[in-house]
Amino acid sequence: MPLMSTDANAVLTTPIPAEHVVTLTRGMTLLFAFAVSVMIVNLSAAQPLTAPIAHSLGIPPALSGLVATLPQLGYALGMVFLVPLADLTENRRLAVTTTFVCAVMLVLAGLAPNASVFLLAACVAGTTSCAIQVLVPLAASMAHPDRRGSAVGSVMSGLMLGILFSRPLASTVAGHFGWRSFYVLMGTLDALVAVVLLVKLPQRRPDFGHSYGVLIRSLWALWQRERVLRRYAVSAAFVMAAFSAFWTGVAVLLVQPPFALAGVAGTVVAPLAGRAGDKGYGVVGMRIAHVVLLAGILLAGIAGAGWFGFDIRSHPFLALGLLVLAAITIDAGAVGDQTIGRRAVNMLMPEARSRLNGLFVGVFFVGGSVGAAGAGLAWAMAGWTGICALCLGFVALAFAGDVAARTLRH
């Protein structure tokens, strides 16, 4: 039996048309960055609100994790079933529609009379938040190929800022006005973003020429064909696993002020990593990102587990400072790896850019889930030492990929 359908093969053997380059202005770059920064809040802000939402809606403690898990699950579904539509339908309409539906679902979540309505609305809001991954390749398609990495990095800076401020914003709004007000506020912001996107985004009509079923089946064919995609997606998955395991282990410390600025590194590293890719240093840059990630994990082991003879009890403030530095360093390494990978993937087949981006994000999203799940077991077995050892294992796999990919050209 063939590995891929005849239709899917036909999709991949169709001559690649010349890509029409539309100038990505500084103003449009800022719009893309702002839009994704608002949308990403929908996914990451639920974590600090889990307890008040569960208490308010009567969700049992054993099921309270659904408050934060369902938006993430919905996002994964959106990556598989909605994002590929950007290679089939007009992109502006798709981005505006999904963003507006997300806005409606967020407002519904804020007004939900019971847990069932809230969880359904939160899941659908997560699904339609995948508009982020419609905008990122759209921005890449508008940029000149020589500056595509910089464009992706700049948009990713907005994404990192959204993640950075999502938890403090959610906690502050919920603390003063209640968690329902936060969801209504985010729904209003998403609706405003949808209106601005409708007015400002250019139209982009892909020339796919096949049905939605063929589109979805072609995902596996793309994965088989594109070695660059597999290389960077798997690397990003290992790095994201280490990143998620670290942050799951220190979740109890996230409310402390020093950690509030840890994500700033990502806003600086993303555009720098993108420029490195534009100048042909993608492979070297990714290896540097892995070294940075390794350094961050070693710092975390020193600060939290007393590696290399460090006395935590005698130097508690120094330990906290090292842990903050570790968080910043790990963040920088993860964002650098991801940005370089996005740039490489977005340089592949222009007519399949959204599907390739969806596969890339979906794979490293799986890696993040594995890291978060493994962190609980690692903590139970060996505490913070177990968390750091797990992270080192994932980084070792990323380095193994570097060694295996020495001859990879892109």
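Modeller: Ground rules: buried means under 20% relative accessible area, exposed over 50%, and partly exposed in between (1.4 Å probe, protein chains only). This is a predicted model, where local features need pLDDT of at least 70 and side-chain atom pairs count only at pLDDT 80 or more, while totals for chains, interfaces and linings use all residues. Residues are numbered from 1 along each chain as its sequence is written, and side-chain values use heavy atoms, leaving out hydrogens and water.

Biologist: Okay, is T69 buried, partly exposed or exposed?

Modeller: T69 sits in helix α4, residues 66-81; helices here are DSSP runs (H or I, at least four residues), numbered from the N terminus. Its relative accessible area is 45%, so T69 counts as partly exposed.

Biologist: And how far is T69 from C123?

Modeller: Along the chain, T69 and C123 are 54 residues apart. In space, the gap between their C-alpha atoms is 8.5 Å.

Biologist: What about T128, buried or exposed?

Modeller: T128 belongs to helix α6, residues 115-128. Leaving aside residues up to four places away in sequence, T128 touches T98, V101 and C102, where contact means heavy atoms within 4.5 Å. The relative accessibility of T128 comes to 7%, so T128 counts as buried.

Biologist: Zooming out, what share of the chain is buried?

Modeller: The chain has 15 helices and zero strands. It runs to 410 residues, and the buried share is 55%.

Biologist: Of the contacts with a separation of 6 or more, what share joins residues 24 or more positions apart?

Modeller: T128 and V101 are one pair that touch. Across the chain, contacts between residues 24 or more positions apart make up, of those with a separation of 6 or more, 84%.

Biologist: How many residues of α7 are buried?

Modeller: Helix α7 is mostly covered. Its buried residues include I132, V134 and L138, along with Q133 and S141. Out of eleven residues in α7, the buried ones number eleven.

Biologist: How do α5 and α7 run, roughly parallel or roughly antiparallel?

Modeller: Helix α5 (residues 91-111) packs on helix α7 (residues 132-142) with axes 9 Å apart and an angle of about 150°. N91, L94 and A95 of α5 make the contact with V134, L135 and L138 of α7. The pair is therefore roughly antiparallel.

Biologist: And which residues of α15 meet α10?

Modeller: Helix α10 (residues 212-225) and helix α15 (residues 353-404) have axes that come within 10 Å and cross at roughly 70°. The two are therefore roughly perpendicular. From α10, the residues in contact are L215, S218, L219, L222 and W223. On the α15 side they meet R355, L356, L359 and V363.

Biologist: Which helix gives the most to the largest nonpolar core?

Modeller: That core has 89 residues, and F32, F118 and Y183 have the most contacts inside it. (A nonpolar core is a set of buried Ala, Val, Leu, Ile, Met, Phe, Trp, Tyr and Cys residues joined through side-chain atoms within 4.5 Å.) With ten residues, the top contributor, spanning residues 26-44, is helix α2.

Biologist: How many residues does the other core have?

Modeller: Y183, from the largest core, touches A46, L49, I53, L106, V107, A109, G110 and F118, not counting residues up to four places away in sequence. Apart from that core lies another, with A242, F246, L299 and C391 among its members. Its residue count is 31.

Technical notes
Axes fitted to C-alpha atoms, helices over the stretch in contact; angles between N-to-C directions. Parallel < 35°, antiparallel > 145°, perpendicular 65-115°, else oblique.
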